[in-house]
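Curious how the labels on a protein model are earned? Let's take a few of them one at a time.

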Amino acid sequence: MKSDNSKAKLEVTLGDIANQPDMDAIVNAANAQLQTGGGVAGAIHRAAGPGLGDECRPLAPIKPGEAVITGAHKLPNKYVIHCLGPVYGRDKPEDKLLAACYENALRLADKQQIASLAFPAISAGAFGFPIEEAAAIATDAIRKKMPELSHVKKIRMVLFSESDLEVFRKQL
Ligand code: AR6
């Protein structure tokens, strides 16, 4: 499903964020230390190999809402943008911090002249965000940022289950 504006397009799909070979960059739902973990961070670091953790080490720690960019190592992409989402119920204001992840990732991508970027549902796993809230914040933040983007032409939300995909579809 696609939602158009004059410049960039937003689509949603079911899949694995570590297997998006047609995208220039993927976003990691990172931990503060930017190292491997469960969920998205585990999948990305496993596929990228240990070089990603090595490149990340001097960039850590990051704070909730922040984003940093690295190479993609053995992944089929050019870049990985690492975002630390807020922990639901702990990092406040969680809605603004989650929106900041999407805004900062898109700003970094555009600065790097990246044309296509895939996001997972940041904070909607181990960090406990209800998927409905996470989807509303993510799609709203992306849509607000889209008109400002010069280089990013394609934004993809990659969801890990049919039910999460359906929640995001309803937002579009
Ligand atoms: N591709 C796409 N989506 C995925 C994948 C995948 N391979 N794996 C899980 N998801 P999470 P968070 C979905 O926990 O909530 C880590 O351990 C998942 O179903 O990866 O931001 C880090 O080290 C959920 O909807 O990220 C951090 O400590 C969404 O991606 C912490 O978890 C995010 O789940 C970050 O927690």
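The questions below are about a predicted model, its helix H1 and its ligand.

Q: Why are some residues of helix H1 called buried, and which are they?
A: A residue counts as buried if its relative accessible area is under 20%. In H1, which spans residues 39-48, Ala41, Gly42, Ala43, Ile44, His45 and Ala48 earn that label.

Q: What do the buried residues of H1 pack against?
A: They pack against strand E3 (25-29), helix H2 (50-56) and strand E5 (79-83). Contact means heavy atoms within 4.5 Å, so these buried residues have heavy atoms within that distance of E3, H2 and E5.

Q: What comes right after H1?
A: Gly49 follows H1, and its phi is positive, near 90°.

Q: What makes the pair formed by Asn31 and the ligand a polar contact?
A: The cut-off for a pair of N or O atoms is 3.5 Å. A polar side-chain atom of Asn31 lies 2.8 Å from an oxygen atom of the ligand, so the pair qualifies. Backbone atoms pass the test too: a polar one of Gly38 is 2.8 Å from a ligand oxygen, and an N or O atom of Val40 lies 2.8 Å from a ligand oxygen.

Q: How much of the ligand does the protein cover?
A: On its own the ligand has 700 Å² of accessible area, and the protein covers 87% of that. The space the ligand takes is the largest pocket.

Q: Which element gives the largest share of the shell around the ligand?
A: That is H1, with four residues.

Technical notes:
Residues numbered from 1 in each chain as written. Predicted model: local features only at pLDDT ≥ 70, side-chain atom pairs only at ≥ 80, totals over all residues. Heavy atoms only, no water. Buried < 20%, exposed > 50% of the residue type's maximum accessible area, 1.4 Å probe, protein only. Helix = DSSP H or I, 4+ residues; strand = E, 2+ residues; numbered from the N terminus. Polar contact = N/O pair within 3.5 Å; in protein donor to acceptor, adjacent residues only side chain to side chain. Areas by Shrake-Rupley, 256 points an atom, 1.4 Å probe, with all protein chains shown as cover. 1 Å grid on protein atoms, 1.4 Å probe; cavity = no way out; pocket = protein on both sides within 12 Å on 5 of 7 lines; lining within 4 Å. Sits in = over half its atoms within 2 Å of the grid points.
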